[in-house]
Amino acid sequence: MYKRLELHNHTTESDSSLSCKELLDYMISDRVDAFALTDHNTISGHVKMQKLLSETQSPIACIYGMEYTTYYGHILCLNLTEYVPWETIDKNRPELLFSAARNKGALVGIAHPFSFGEPFARGCRFEMTVTDYSVVDFIEIFNNPEPLYEVNEPGLLLWEDLALSGHRLSATSGMDLHGIWSMADQFATFIEGEPGGDIAKELETAIHAQRTWVSKGPILTAQLLPETACLELSATLSGKPGFTERDSYLAACKTKTRTVTLPIHIGETVLLPLSQLGEADVIIPKLYGENTDVAQLLCVSPVISRI
């Protein structure tokens with residue numbers, strides 16, 4: 001099954017208007033499978049959320065984390081169960097903090113890398129110099145409240161460029177909730193999992209294997225068929241509330257040198273000859289509405305590697 005995750009949320013433990021209980025209730029009401037608690041520079045809400053979850057009958061799960069909020073950018077940590085000091089953050093060596101958090105079992109990513117910085121929001125834009133992406137687990141390619149063309153599209157293109165160059169980075173999205181904001185027709189992160197499965201382990205497996213879907217509702221799956229030298233593409237619906245189904249969609253497969261598109265319908269499986277993709281080692285499948293403008297983007301699927 002596919003699990004819908006909302007991976008970037010805040011409470012009154014930092015700068016949100018939502019208490020831990022209000023965040024939990026909102027996630028339950030929108031049928032989220034699991035959500036992250038990522039307050040700014042504090043994990044004080046973890047014990048409160050754990051108590052609330054123990055008192056509820058809902059099967060919803062919480063992913064415990066934190067958002068490091070620095071003057072040089074924001075770093076999103078998931079599966080972070082203990083506070084990792086960051087007072088010695090180095091703009092030119094952010095790998096030191098990435099590695100310290102990962103050594104504690106956390107998944108570490110870059111949040112909204114192209115967010116507006118000064119003079120509008122000092123520190124929100126990621127301005128650190130990363131020289132070793134092997135210590136980065138994911139990039140938040142869609143921060144839903146941010147402007148599409150000015151912020152999110154550059155984030156998507158950054159991740160695509162790194163992934164197509166062979167870096168093993170997963171893509172995620174986040175609502176960055178600081179209040180009750182509609183999640184309808186917004187991107188969420190989906191992973192594969194089992195009913196009642198350990199969400200922390202499932203997320204770790206998905207991130208490390210680059211098996212995340214960033215989607216507004218539909219799920220595009222892709223798999224290599226070596227015996228036919230084709231890429232098999234299938235489209236299904238996730239059941240995410242607020243998504244309006246369309247009559248037809250456009251599947252797109254991007255490599256370093258080209259993008260090949262073909263029409264697809266929900267419930268349909270189509271084959272794309274690999275010869276049309278050239279000699280590319282890495283393929284990024286995506287699902288669009290009417291065309292390949294980012295405003296029509298509906299799903300970014302896991303990277304396909306031919307190596």
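**Exercise 1. Find which residue stands opposite Ser215, and place it among the strands.**

Step 1. Ser215 stands opposite Cys299 in strand 16. Strands here are DSSP runs of E, at least two residues long, numbered from the N terminus.

Step 2. Note the source. This is a predicted model, where local features need pLDDT of at least 70, side-chain atom pairs count only at pLDDT 80 or more, and totals for chains, interfaces and linings use all residues. Residues are numbered from 1 along each chain as its sequence is written, and side-chain values use heavy atoms, leaving out hydrogens and water.

Step 3. Strand 9 (residues 213–215) pairs with strand 16 (residues 297–300) in the antiparallel sense, over two bridges. Pairing requires that DSSP finds at least two bridges between the strands.

Step 4. Strand 15 (residues 282–288) also pairs with strand 16, antiparallel, over three bridges. Here Leu287 stands opposite Cys299.

**Exercise 2. Decide whether Cys124 is buried or exposed, and describe its surroundings.**

Step 1. Locate Cys124. It sits in the loop between strand 5 (107–110) and strand 6 (138–143).

Step 2. Check the relative accessible area. Cys124 has 17%, so it is buried. The cut-offs: buried is under 20%, exposed over 50%, partly exposed in between, with a 1.4 Å probe and protein chains only.

Step 3. List contacts (heavy atoms within 4.5 Å). Leaving out residues up to four places away in sequence, Cys124 touches Gly73, His74, His112, Ser115 and Phe116.

Step 4. Look along the chain. Thr70 is 54 residues from Cys124, yet their C-alpha atoms are separated by 7.9 Å.

Conventions:
Helices (H or I, at least four residues) and strands (E, at least two) are DSSP runs, numbered from the N terminus.
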